[in-house]
Amino acid sequence: MTHPIIRLVNRNITISLNPGFLIWQVIFPLVYIFVAGFAYAPLVQGIQFGAAKDLDYPAFLASGMIGFNIMNSTLVSGIIIWNDRRHGMFEQIMSGPFTRGHYIISNICTIAIVGLVSAAFIMAVGYPVFFEDAEISLVTIPIIVFGAVAGSVLFGSLASIISTRLSSSEGFNVIINTVFLFFAFVSTAFYPAEGVQEPLRTAFYLNPLTYLVDVIRAGIFGSVDAFVAVEVAVLAVLACALFVVASRLLTRLNV
């Protein structure tokens, strides 16, 4: 018999792969990378990244879209939990051969799988844009994978926390879209922090998406330094902390 966690993961992925979600995950990044990237390239030139990297804007944006797409894809965690609560599926799952532990672990596995697949897709699509500057190696691949998994856990846990605290669909949609919109545009996903005035620059580094994007960029372009090591540590701590909070809230959900 299939393990309960595998059954729940299969169920989560099956209900997540709807046409709207797939279009959002495919079309939106393509538009940004190949339309916005090249349209703004003449205006944004010579972006310094790391000690010696001088990137053009399309390469900078394409690498940033990997982290951005990971964040967007992990929204499925919050949406699944919220819909389970709204439609009574959580109670039905708990009445079957599943425990809260199975439910929590299956959600984190779903987040990690979706995040890694999303990252791989954007890397494949964006590779023609940044391949000239890429320095991917056996040393940097673990950094990219770590960033994708840690970022997926972090933002998936945040989406889960929001879904457990809200009961109305209007409130859920407004809060989660507002929070993730702030994360998207107050980060280094679309433009570098250098040259940005305060207090906006400080806000960049209060944003976990900045750490996710910087870590993945460092892995792609081989620009791993002491500051990136600090960002890796911050990303790991935030992911663990939010996962613990989300798990505790899920264990307290009323059946």
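A polar contact here is a pair of N or O atoms within 3.5 Å; within protein, one must be able to donate a hydrogen and the other to accept it, and residues adjacent in sequence count only if both atoms are side-chain atoms. This is a predicted model, so keep the filters in mind: local features need pLDDT of at least 70, side-chain atom pairs count only at pLDDT 80 or more, and totals for chains, interfaces and linings use all residues. Numbering starts from 1 along each chain as its sequence is written, and side-chain values use heavy atoms, with hydrogens and water left out.

**View 1. Threonine 210 and its polar partner in helix α10.**
Threonine 210 sits in helix α10; helices (H or I, at least four residues) and strands (E, at least two) are DSSP runs, numbered from the N terminus. A polar atom of the threonine 210 side chain is 3.5 Å from the backbone nitrogen of threonine 188. With a relative accessibility of 0%, threonine 210 counts as buried (buried means under 20% relative accessible area, exposed over 50%, partly exposed in between, with a 1.4 Å probe and protein chains only). Leaving out residues up to four places away in sequence, threonine 210 touches Val186, Ser187, Thr188, Phe204, Tyr205 and Glu231, where contact means heavy atoms within 4.5 Å.

**View 2. The whole chain, for orientation.**
Count 11 helices and two strands in the protein, running α-α-β-β-α-α-α-α-α-α-α-α-α from the N terminus on. The C-alpha atoms fill a box of roughly 60 × 40 × 35 Å along the principal axes. For 255 residues a compact globule would have a radius of gyration near 18 Å, and the protein's 19 Å agrees; that radius is taken over C-alpha atoms, and the globule rule is 2.2 Å times the number of residues to the power 0.38. Buried residues account for 51% of the 255 residues. Of the contacts between residues at least 6 apart in sequence, 78% join residues at least 24 apart.

**View 3. Where the predictor is surest, and where it isn't.**
The average pLDDT (the predictor's confidence in each residue, from 0 to 100) is 84, and 97% of the residues score at least 70. Confidence bottoms out in strand β2 (residues 53-55), at a mean of 76, and peaks in helix α10 (residues 208-221), at 92.

**View 4. Two nonpolar cores.**
A nonpolar core is a set of buried Ala, Val, Leu, Ile, Met, Phe, Trp, Tyr and Cys residues joined through side-chain atoms within 4.5 Å. The largest one has 55 residues, and those with the most contacts inside it are Met65, Ile66, Met71, Phe155, Phe180, Phe190 and Ile220. A second, separate core has 10 residues, including Phe90, Met94, Tyr103 and Ile104. Zoom in on methionine 71: beyond residues up to four places away in sequence, Met71 touches Phe155, Phe180, Phe183, Ala184 and Leu209.

**View 5. Helix α3, capped and covered.**
Aspartate 56 caps the N-terminal end of α3, with a side-chain oxygen 3.0 Å from the backbone nitrogen of alanine 59. Helix α3 (residues 57-73) is mostly covered, as 17 of its 17 residues are buried. At 1.5 Å a residue, those 17 residues should span 24 Å, and the end C-alpha atoms are indeed 24 Å apart; the expected span is 1.5 Å times one less than the number of residues.

**View 6. Glycine 37 against the start of α3.**
Glycine 37 belongs to helix α2 (residues 19-40) and is buried, with a relative accessible area of 0%. Leucine 61 is 24 residues away in sequence, yet its C-alpha is 6.3 Å from that of glycine 37. Setting aside neighbours within four places in sequence, glycine 37 contacts Tyr32, Tyr57, Pro58 and Leu61.

**View 7. Helix α4 and serine 160.**
Buried residues in α4 are Leu75, Val76, Ser77, Gly78, Ile80, Ile81, Trp82 and Asp84, whereas isoleucine 79, in the same helix (residues 75-86), is partly exposed at 37% relative accessible area. Serine 160, from helix α7 (residues 141-165), is buried at 4%. Apart from residues up to four places away in sequence, serine 160 touches Ser77, Gly78, Ile81 and Ala246. After α4 comes glycine 88, with a positive phi near 80°.

**View 8. A cis peptide bond before α9.**
The bond from glutamate 198 to proline 199 is cis, with omega near 5°. Proline 199 lies in the loop between α8 (169-185) and α9 (200-204).
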